[in-house]
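Welcome, and please take a moment to turn the model around before reading on. The paragraphs below will lead you through it one part at a time.

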Amino acid sequence: MGLQRDFTFLHCADLHLDSPFRGVRSYSPAIAGMLQDAVFKSFERVVDLALRERVDFVLLSGDLYDSADRSLSAQLALRRQLLRLSQAGIFVYMVHGNHDPLSGDRAKLSLPERVFQFKGEVEVCPLYGKNDALIGHIAGYSYPTGDERGNVAIQMAKALESRKGFNVALLHCNVGGMEGHENYAPCSIEDLRDSSVDYWALGHIHRPMILSCENPLVVYPGTIQGRSVRETGPRGCYLVTVSAQGSISPIFYPTDKIRWWEETLDISSVEEEQVLMDTLENLRGKYRKEAEGRGIMLRVTLTGNTSLYRRLGRDGFMETLIGELNREEEALPDFVWIEAIQNKTRPDYSIENLRKTQTFVGDFLREMDTVRSQIRDNETLFALMDEGLGNGRWRRGDLEPYLQTLEREDIAQILEKAAIKGLDGLLKGENDPCVS
């Protein structure tokens, strides 16, 4: 790889412009509005970074839009940012993925100069940088429809064979069949390494990952903006510097306007509601200090054996607590919004000791242990329910479709909650002087 000079480029993917942010209606109108606008603001930050660093080109690795039938507002927003790059002399190379295939509905809008959109077949075109200087070649592929199952990477590697200069492959795909992601355009890491490509610019996996640090570099930049509690932590893009000698140095830059976090809080030592609120406020302060001016969506999970267990489980208690904590946050630019508080606490008594007792409570706990040990999957759960309720009559309602979606871990958590709920009721009854 003989290069005439150093150059830089920006690699991002999975913009998901116009993402619906499911569940946003449960937040205040102000927070909901900021969430809906966050993806657009984040892409503006990507472009701001490209302009500030005066990069040679920008790579967009698919799922530019969240839906095949993209809205006009999303298309115009993307075009505005592409125009900023073009007017600054920066080339843009982009592909479409499974969320925004070429078959989707789109307005007839012209692309700005210096913006190249790849078609629904593997193409190779010259790779240009500042002052229209030829740097090398780039192969790209846009999904014709939303379901690409072929190994496109092998086609790209072949198309770039014997090409001179710096070679880039721009692809939306799943390398190695990563769990939690549809296996679109599947390929192996060996397919990518066994090629003359210098930089594989990938999209589809939503967390930033560098799969190969040596030539070739294989990079997922992740999303530019987290869209739910499943996408926690910094989100952004990679600024990549390539030296004239061919060394490649990627640096991750966060671009998210709002960041999602999860926190687990052990409240074993907390015995008063005021102390709980103070603890949660201190946690909020910690995240605000580290947020660098961005908004934070925070989900808190409470754990530990606590005397507050019964109160936390009362109807309306948690909703009131969250409402009070969030009461003045929406007016702040660096808000820390408590998105949810999950109660996974347990009563402040020893279940292990109670399980050993030769009492009705002990019998109940041992029976629950037996039930939990028998449930291996959904079908086992269904069989036990049929046995207990008789002839499968329970399936006439809406319960079965819900239970079909549960994983084994989900079922185990539900059963544990049921055991604690039943145990708490039994102990309350035994200690109640009105119960004979």
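A good place to begin is a small pair of strands, β9 and β10, which run antiparallel and share three bridges. If you look for one matching pair of residues, you will find Ile-210 facing Val-219 of β10. The two strands are joined as a hairpin, and four residues make the link. Within the loop from β9 (209–212) to β10 (217–220) sits Pro-216. Have a look at the peptide bond that leads into this proline: between Asn-215 and Pro-216 the bond is cis, and its omega is near 5°. Please keep in mind, here and below, that you are looking at a predicted model.

Now let us move to the sheets. How are strands held side by side in a sheet? Strands pair through backbone hydrogen bonds, and the pairing can be parallel or antiparallel. One sheet of this model is open and has six strands, in the order β4-β3-β2-β1-β11-β12, with mixed pairing. Its edges are formed by β4 (115–117) and β12 (248–254), each of which pairs on one side only. As you step from one strand to the next, the twist averages 20°.

Inside this sheet, pick out strand β1 (residues 7–12) and strand β11 (residues 236–242), which pair in the antiparallel sense through five bridges. Phe-7, for instance, has Val-242 of β11 as its bridge partner. Follow the chain into the loop between β1 and α1 and you will meet Asp-14. Its phi is near 50°, which is a positive value in a residue that is not glycine.

Next come the helices. Helix α1 lies across β1, β2 (57–61), β11 and β12, and runs at about 175° to β1. Helix α2 lies across β2, β3 (91–95) and β4, at about 145° to β3.

How do these two helices sit against each other? Two packed helices are described by the angle between their axes and by the distance between those axes. For helix α1 (residues 29–53) and helix α2 (residues 72–87), the axes come within 10 Å and cross at roughly 10°. Angles under 35 degrees count as roughly parallel, and therefore α1 is roughly parallel to α2. On the α1 side the contact is made by Phe-40, Phe-43, Glu-44, Val-47, Asp-48, Ala-50 and Leu-51, and on the α2 side by Ala-74, Ala-77, Leu-78, Gln-81, Arg-84 and Leu-85. Sorted by class, this contact between α1 and α2 has nine nonpolar, one polar and three charged residues.

Helix α1 also leads you to another sheet, for it lies across β13, β14 and β15 and runs at about 120° to β13. This sheet is open and has three strands, ordered β13-β14-β15 and paired in parallel. β13 (258–266) and β15 (336–343) are at the edges with a single partner strand each, so one side of each has no neighbour in the sheet. Neighbouring strands here are turned against each other by 20° on average, with direction ignored. Strand β14 (residues 295–303) pairs with β15 in the parallel sense over seven bridges. To see one of the matches between residues, find Thr-301, whose bridge partner in β15 is Gln-342.

Finally, let us turn from the chain to the space it leaves open. Rolling a probe the size of a water molecule over the atoms shows where empty space remains. The second largest pocket has a volume of about 480 Å³. Of the 16 residues lining this second largest pocket, those closest to its centre are Tyr-309, Asn-343, Thr-345, Lys-417 and Ile-420. Which helix gives the most to the lining of the second largest pocket? That is α12, with eight residues. Both α6 (309–312) and α12 (408–431) supply at least two residues of this lining. By class, the lining of the second largest pocket divides into two nonpolar, five polar and nine charged residues.

Note on methods. Residues are numbered from 1 along each chain as its sequence is written. This is a predicted model: local features need pLDDT of at least 70, side-chain atom pairs count only at pLDDT 80 or more; totals for chains, interfaces and linings use all residues. Side-chain values use heavy atoms; hydrogens and water are left out. Axes are lines fitted to C-alpha atoms, for helices over the stretch in contact, and angles run from 0 to 180 degrees between N-to-C directions. Angles under 35 degrees count as roughly parallel, over 145 as roughly antiparallel, 65 to 115 as roughly perpendicular and the rest as oblique. Contact means heavy atoms within 4.5 Å. Ala, Val, Leu, Ile, Met, Phe, Trp, Tyr, Cys and Pro count as nonpolar, Asp, Glu, Lys and Arg as charged, and the others, Gly among them, as polar. Two strands pair if DSSP finds at least two bridges between them. On a 1 Å grid over the protein atoms alone, a cavity is a set of points where a 1.4 Å probe fits but cannot get out, and a pocket is an open set with protein on both sides within 12 Å along at least five of seven lines; lining residues have an atom within 4 Å of a point. Grid points are joined across faces, edges and corners, and a volume is the space filled by probe spheres set on the points.
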